[in-house]
Each structure stands twice: as C-alpha cells, then as structure tokens.
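Here is a quick tour for anyone meeting this protein for the first time. Have a look at the fold below, then read on.

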Amino acid sequence: SKGRGSSKNGALFLENLALEANWPGPLKKPAAKKFVNEFVASRRVSELADGFKEMSTLRNMSNWVEKERFGLPEYLLRTCPASLREGRRLKTKFRLGCHDLRSSSCRMQLVRNAQCPCCESRESETIQHTLFECTAFEEEREVFLSRLYSVRPLARQLNDEYRCRLVMGHKLPREIEKTLYRYFIAISKLRLGILTEQGEGS
C-alpha cells in the first residue's frame, strides 16, 4: 500500500515536472539527457535570479538612482575635504548596500535578526531607521535636519521615506552635503561605541 502510494506520487511529480519543462514527447536517451540538462540549468538560473531579488543589498538603489544615468553620480565628482571623505564613503556604501547595518547583515545571513541594536524600538536597522528614526542619534539628527530645512524648507513636509530618498540621491544640494557627511561620521562613531559596549564592536 505504502509502495503503491509512493509510486503514484512519484509518477504525478514527474508528470507535473514534464508539463513545467514542456517535455516534447518520446525522446531517445541522448536527446532526453540533453533536454533535462538544459532544463535543470535554466531552473538554476531562475532560482538564482529570484534569490538575488530577495537577498540583494542593492534593492534600495531603484528608489535612489535614475535608471537612465550613466557614469559616476554627481556627489562623487565634487571635491570633498579629506576630513569628510569618510562620510562620503559611508553614503556610497549605503547606496551600494555594502554597509554594516543589520538590515543588510541579516539578508546576507551574517546575523540572526535585523533588529536595531542601538535603540529599544525593535525596528529593523534600515538606512531610513538609522538616519531618521533611531532615538540613539536624536541630537546629531537635530543638527543635520536644522541645516537641511534651512536649505530646503519643503523637506519639512516630507516623511522619513522621502527624506531618505533626498539625502541618498546623487543630486543633493551642495549646501547640505558637508553637513550630511558630518552626520554620517558622527552616527557611525556613536553606533560603533554602542556595539562595543554590547561586546560586538562591528
């Protein structure tokens, strides 16, 4: 009974698999083997692509980058003081997704969860949360936002998602650029200090 059920299920699985692969019908062994290998290869490519969609740390780029733009972004073409280059580097890392925030580390399975380690909100440590929501950086954020609002008063009317898009874009006003880099450097140092106290330090 168990054997017949297993055989029936196996036959059903093969039938469904053949339908999915658009099996052309009776084939000689060499042709059948070639068809199977090609189908398996295409299936792996498809699964890999789906995995990249889920795991890729570049998925935010679609919100921040103009798809028609080629070459370096405008902010990287500008002269940057040596003391602020770390801030510019951090912005680039955020844009590329190769940063140390838990939202990225969790997707890459480097940590167990994406919860922010710097505050008690239990929110995912995303770029948006870190820059505009995390209570650990309120004082530094106030300084930055004050400068941002003085240069772009309409930014007051934006929600956190669109403020994040504004500062992570490649056409950020020059007047706010240095303040942004100082903000990135300041919260990066504070975050490292918090993690060091927790025994992590990264």
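Which residues lie nearest the centre of the largest pocket? They are L90, D100, L101, S188 and R191, and they belong to a lining of 17 residues. The pocket itself has a volume of about 330 Å³. Two helices, α5 (85–96) and α10 (174–197), each give at least two residues to that lining. Of these, α10 makes the largest contribution to the lining, with seven residues. Bear in mind throughout that this is a predicted model.

**The overall picture**

Stepping back, the protein has 10 helices and zero strands. Read from the N terminus, the elements simply go α-α-α-α-α-α-α-α-α-α. Of its 202 residues, 33% are buried. The protein exposes about 13600 Å², and carbon and sulfur atoms supply 53% of that area. What about contacts along the chain? Counting those between residues at least 6 apart in sequence, 58% join residues at least 24 apart.

**Two arginines, two settings**

Helix α5 is also home to R95. Is R95 buried or exposed? It is buried, because its relative accessible area is 4%, and buried means under 20%. The side chain of R95 also has a partner: a polar contact of 3.4 Å joins it to the side chain of Y75.

R122 sits elsewhere, in the loop between α6 (102–107) and α7 (127–132). R122 counts as exposed because its relative accessible area is 68%, and exposed means over 50%. Its backbone deserves a glance too: phi of R122 is near 65°, a positive value in a residue other than glycine.

Here are the two arginines in a small table.

| Residue | Place | Relative accessible area |
|---|---|---|
| R95 | helix α5 | 4% |
| R122 | loop between α6 and α7 | 68% |

**A closer look at α9**

Which residues of helix α9 (residues 160–168) are buried? They are R163, C164, V167 and M168. These four lie on the same side of α9, because they cover an arc of only 125° around the axis. The general rule behind such a pattern is that an α-helix has 3.6 residues a turn, so residues three or four places apart point the same way.

At the start of α9 there's one more detail to find: a side-chain oxygen of N159 comes to within 3.2 Å of the backbone nitrogen of E161.

Note on methods:
Residues are numbered from 1 along each chain as its sequence is written. This is a predicted model: local features need pLDDT of at least 70, side-chain atom pairs count only at pLDDT 80 or more; totals for chains, interfaces and linings use all residues. Side-chain values use heavy atoms; hydrogens and water are left out. Buried means under 20% relative accessible area, exposed over 50%, partly exposed in between (1.4 Å probe, protein chains only). The arc is that of the directions from the helix axis to the C-beta atoms. A polar contact is a pair of N or O atoms within 3.5 Å; within protein, one must be able to donate a hydrogen and the other to accept it, and residues adjacent in sequence count only if both atoms are side-chain atoms. Contact means heavy atoms within 4.5 Å. Accessible areas come from the Shrake-Rupley method with a 1.4 Å probe; for residues, only the protein chains shown count as cover. On a 1 Å grid over the protein atoms alone, a cavity is a set of points where a 1.4 Å probe fits but cannot get out, and a pocket is an open set with protein on both sides within 12 Å along at least five of seven lines; lining residues have an atom within 4 Å of a point. Grid points are joined across faces, edges and corners, and a volume is the space filled by probe spheres set on the points.
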